[in-house]
Amino acid sequence: MNEDVVKKYIAAGEIAEKVKERAMREVKPGVKILSLVSTLENYVVELGGKPAFPINVSINNEAAHRTAYIDDESVLPEDGIVKVDIGVHIDGCIADTAITIAFSERYSELVDATREALEKALKNIKPGIRASEVGSIVEKVIRSRGFKVIRNLSGHSLAEYTIHAGETIPNYKDSLNFTRLRPRAAYAIEPFASTGRGVVYDEKRVSIYAIRPTSILREISEGHILTSIYGKSRTLPFSERWFPDLIALLGISRFREILRELSKTGYLIPYPVLSDIPGSYVAQFEETVLVLDERSVIVTTNRSIL
Ligand code: MN
Ligand code: MN
C-alpha cells in the first residue's frame, strides 16, 4: 500500500464520517427508508466519494444487508433500534462504518455495550495483534453487559474494490482464526450485540447483490445487463435503485427476475437480509482502521489511536 492509496483511504474515511454525522440527524421515527438511503448516498457523491455498497438500514432484529427497494414505502418504526451501515470508496479504497440509533431508552444498554466493545477493540489495534484477540475483547465487553455477540457476523480485511478481502476479524475468541493484523492493511472492526440467539439467518428478502468476480471474464459483452452493472459498481454490492434506466426499459418485475436468475446461475452473489430471531434487538458499530507501520489510524474518523 503506497502513500497515494493511504491518502485515498483517509479521504474516503473523512467522507464516511460526515455521512455518519448526517445519518445521526436524519434517522427519526416515521422517516421513509427510501428517502433516507437516497439522501445519504447522494451526500456521499456530493462530498466527492462513491458508495462502496448501498446504504444499509437494518431495523430491530435485522442485523445487516437491508437497503430500500426502488418502490419501498416502509418507514422507520416509532419505537425501535436502527443500524445504518455506510460504505464510501475513492478509486476502490473503501471506508466501511456503521452506527446504531435507538428510539427508546430501553435499548441504551445494548447500544452502549456495542459501542464500548468497538472502542476497546480499537484501542488495542496494532500491527501483529491476533484477530482472535480482537474478538476476545469484543466478546468480553458484550457478555459482561449481559448480551450475546453475533457469532456469524465479523469484521474483515478490505482491499481495493473488495469489501471482504479474505481475512476475518471475529466477534468472539475464535481459536481457529490464526490471522494477525498486518501493517499497511485496512480492516473493518464491527461488533454486533444481540438480545436474541446471537446467530443470524438469511431472510427471503434480498435487496443487495454483487457481481461474482469470476463471472467478469465470462460474460462481459456489449449490451449485456452485467456489463451495465459492472460499469456502475464493478464487483461491489449494488441496489436495484442504481439502475433506473434498466428498470424503465424492462419494468421492475422483469429486472428483479433477471437479478434472481443471474444469482441462480452464479453470476451474481445475492446478499439476503440477515436477522436474529423475531422479537430480538441487534446493535452494531463499525470503524475501518488502517494499520500503519508506526501507528494505527482510524480511517473513518482519521484519529490516530496509538
Ligand atoms: Mn459495514
Ligand atoms: Mn464491514
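This report describes the metal sites, the salt bridges and the two domains of one protein chain. The structure is a predicted model.

**The two manganese ions**

Two manganese ions, ligand 1 and ligand 2, lie 3.2 Å apart, and D96 bridges them. The manganese ion (ligand 1) takes its protein donors from D85, which is listed with two OD entries, and from D96 (OD) and E286 (OE). These donors lie 2.1 to 2.3 Å from the ion. Along the chain they follow the spacing D-x10-D-x189-E. D85 lies in strand β4 and E286 in the loop between β13 (282-284) and β14 (287-291), so the pair ties together parts that are 201 residues apart in sequence.

How accessible are these two residues? D85 has a relative accessibility of 9% and counts as buried. E286 also counts as buried, at 0% relative accessibility. Both fall in that class because buried means under 20% relative accessible area.

The manganese ion (ligand 2) has D96 (OD), H156 (NE2), E190 (OE) and E286 (OE) as its protein donors, at 2.1 to 2.2 Å. Their spacing in sequence is D-x59-H-x33-E-x95-E. Two of these donors, D96 and E190, come from distant parts of the chain: D96 is in strand β5 (residues 93-102), while E190 is in the loop between β9 (185-189) and β10 (192-194), 94 residues away. D96 and E190 are both buried.

E286 appears among the donors of ligand 1, and E286 is also listed for ligand 2.

**Salt bridges**

Side chains of opposite charge can pair when their charged atoms come close. In this model the count comes to 21 salt bridges. The table gives four of the pairs, with the distance from N to O.

| Pair | N to O distance |
|---|---|
| E3 and R184 | 2.9 Å |
| R106 and D79 | 2.1 Å |
| E240 and R256 | 2.7 Å |
| D71 and R256 | 2.9 Å |

The side chains of E3 and R184 meet in one of these salt bridges. This pair links distant parts of the chain, with E3 in helix α1 (residues 3-26) and R184 in the loop between β8 (168-169) and β9, 181 residues apart. R184 counts as partly exposed, at 24% relative accessibility.

R106 and D79 form another salt bridge, at 2.1 Å. Here both partners sit in loops: R106 between β5 and α3 (108-123), and D79 between β3 (62-64) and β4 (81-90), with 27 residues from one to the other. Is each partner buried, partly exposed or exposed? R106 is exposed, with a relative accessible area of 55%. D79 is partly exposed, with a relative accessible area of 34%.

In the salt bridge between E240 and R256, the closest N and O atoms are 2.7 Å apart. E240 lies in the loop between α6 (225-233) and α7 (244-250), and R256 lies in helix α8 (residues 252-264), so the pair ties together parts that are 16 residues apart in sequence. E240 is buried, with a relative accessible area of 6%, whereas R256 is partly exposed, at 21%. Elsewhere, salt bridges that share partners join E62, R66, E203 and R205 into one network.

**The two domains**

The chain is divided into domain 1 (3-200 + 276-305) and domain 2 (206-272). Their centres, taken over C-alpha atoms, are separated by 25 Å. The contact takes 20 residues from domain 1 and 17 residues from domain 2.

The size of an interface is often given as the accessible area lost when the parts come together. How much area is buried between domain 1 and domain 2? The value is about 1,500 Å², and carbon and sulfur atoms give 62% of it. Within domain 1, H65, I70 and Y161 lose the most area to domain 2, together 41% of what that side buries.

What charged and polar pairs occur between the domains? The count between domain 1 and domain 2 is 2 salt bridges. There are also 8 residue pairs in polar contact across the interface. On the side of domain 1 that touches domain 2, helix α2 (residues 33-46) supplies the largest share, 3 residues.

Notes. Residues are numbered from 1 along each chain as its sequence is written. Chains are lettered from A and ligands numbered from 1 in the order in which they are written. This is a predicted model: local features need pLDDT of at least 70, side-chain atom pairs count only at pLDDT 80 or more; totals for chains, interfaces and linings use all residues. Side-chain values use heavy atoms; hydrogens and water are left out. Donors are N, O and S atoms within 2.8 Å of the metal (3.2 Å for Na, K and Ca); water is not among the atoms, so sites may look incomplete. Helices (H or I, at least four residues) and strands (E, at least two) are DSSP runs, numbered from the N terminus. Buried means under 20% relative accessible area, exposed over 50%, partly exposed in between (1.4 Å probe, protein chains only). A salt bridge is a side-chain nitrogen of Lys or Arg within 4 Å of a carboxyl oxygen of Asp or Glu. Domain bounds come from an automatic or database domain assignment. Contact means heavy atoms within 4.5 Å. Buried area is the accessible area (1.4 Å probe) that two parts lose on being put together, summed over both. A polar contact is a pair of N or O atoms within 3.5 Å; within protein, one must be able to donate a hydrogen and the other to accept it, and residues adjacent in sequence count only if both atoms are side-chain atoms.
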